[in-house]
Amino acid sequence: MARRSNPAVRIAQETAHRTMFDSEGKPKPGVHNMLLKAVQIQRPLVVGYIRRLQKKHPRATAAQLADIAERDYLRAVAGGGALVGATAVVPGVGTVASLGLSAAATVGFLEATALYATSLAELHGIRLTNPEKAGTMVMAIMLGEEGTALLGTLGGQASGSATNTWGNVLSKSMVVPGFGSVRKRIQTAFLKNLLKRQGTALFGRALPFGIGAVVGGAGNLVMGRAVARNAREAFGPMPDTIPGELTAAAGPDNLTLEGNILGSQR
């Protein structure tokens, strides 16, 4: 006997898809900007996070801080997915209403990823003061080998450690030759892959009857682990010492961004 499909699942999938895509299957206006904005993070937020970790773990090495940041990241993305999925069984919150939360969860996943990846960059001595450059690095890490290979071309090499090639290039405040074209290629690949991957997770979190919590949390955890693996491979071994600016004895934040003053948050 053929197994019957659950009509509620089909309705949830179709409604979720219409929320994010047009009739031709292309993301609706504003979706791209929302996703790209989510991966951009301002450096004082990253430095503040690392210093909070240092206060809690004053004897931690750079490698230990990186491990703690990874645990924080995986807990955050897995918990966020499960929390949003669970709203489908809350009385008064229907499938259609939960779709807005699914989109918010996608943004939350990207913001958590941006904080994690950029924190690892800081622990490697890579100071990303420009949010656009930071966002490009985050997108590249999410793409994995394809993305980091593209970043490698900025340093005039196809390979090499992050601190010796694209990391140093992105740290520079000056205009980087070729950055615009590399960013565009990374951005195009990132959006294509993200919407393909998140599409399934988005539908899963919109499913009723409680199964959304399982699909949402599990899907985010799988993606989060992939990001962490990509980041470790991209940055290579952790340095023996924590960069001077991030020592526990560092004074209060007095950092500025390129064109922005500390405290100017998106």
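What follows is a chat between a reader and an author about a predicted model.

Reader: I'm new to this one, so which residues touch the most other members of the largest nonpolar core?
Author: In this predicted model, the largest nonpolar core has 61 residues, and the members that touch the most others are L110, M137, F190 and F235. Helix 5, which covers residues 95-123, supplies the largest share of this core, with 10 residues.

Reader: And what does F190 touch, if I skip residues up to four places away in sequence?
Author: With those set aside, F190 touches L36, V39 and L110, and also M139, M142 and L143. L110 is itself among the four core members that touch the most others, as is F190.

Reader: Okay, aromatic rings next: how many aromatic pairs are there?
Author: The count comes to two aromatic pairs. One of them is formed by Y73 and Y116, whose rings are stacked, with 4.7 Å from centre to centre and 5° between the planes. This pair links distant parts of the chain, since Y73 sits in helix 4 (residues 62-86) and Y116 in helix 5, 43 residues apart. Both of these tyrosines, Y73 and Y116, are buried.

Reader: Why is the pair of W166 and F235 called tilted?
Author: The ring centres of W166 and F235 lie 5.9 Å apart and their planes meet at 50°, so the pair counts as tilted, because that label is used for planes that are neither under 30 degrees apart nor over 60. This pair, too, links distant parts of the chain, with W166 in helix 8 and F235 in helix 10 (residues 211-235), 69 residues apart.

Reader: Are those two buried or exposed?
Author: W166 is buried, at a relative accessible area of 3%, and F235 also counts as buried, at 3% relative accessibility.

Reader: Changing topic, why would you say helix 3 is largely enclosed?
Author: Of the 14 residues of helix 3, 10 are buried, so the rest of the structure largely encloses this helix. The buried ones are R43, P44, V46, V47, G48, Y49, I50, R51, L53 and Q54. Helix 3 runs from residue 43 to 56 and reaches 20 Å from its first C-alpha to its last, which is close to the 20 Å expected at 1.5 Å a residue.

Reader: What is E122 in contact with, leaving aside neighbours within four places in sequence?
Author: E122 lies in helix 5, and with those neighbours left aside it is in contact with R43, V46, V47, I50, R127, L128, P243 and L246. Among these, R43, V46, V47 and I50 are buried residues of helix 3. E122 is buried as well, because its relative accessible area is 2%, and the cut-off for buried is under 20%.

Reader: R127 was in that list, so how far is K172 from R127?
Author: Their C-alpha atoms are 8.5 Å apart in space, although K172 and R127 are 45 residues apart in sequence. K172 is found in the loop between helix 8 (166-171) and helix 9 (179-206), and at 42% relative accessibility it counts as partly exposed.

Reader: Last one: where does F179 lie, and what does it touch?
Author: F179 lies in helix 9 and is buried, with a relative accessible area of 9%. Not counting residues up to four places away in sequence, F179 touches E132, K133, T136, L154 and L170. The C-alpha atoms of F179 and K133 are separated by 8.7 Å, while the two residues are 46 residues apart along the chain.

Technical notes:
Residues numbered from 1 in each chain as written. Predicted model: local features only at pLDDT ≥ 70, side-chain atom pairs only at ≥ 80, totals over all residues. Heavy atoms only, no water. Core = buried A, V, L, I, M, F, W, Y, C linked by side-chain atoms within 4.5 Å. Buried < 20%, exposed > 50% of the residue type's maximum accessible area, 1.4 Å probe, protein only. Helix = DSSP H or I, 4+ residues; strand = E, 2+ residues; numbered from the N terminus. Contact = heavy atoms within 4.5 Å. Expected span 1.5 Å × (residues − 1). Phe/Tyr/Trp six-rings, centres within 6.5 Å; stacked < 30°, edge-to-face > 60°.
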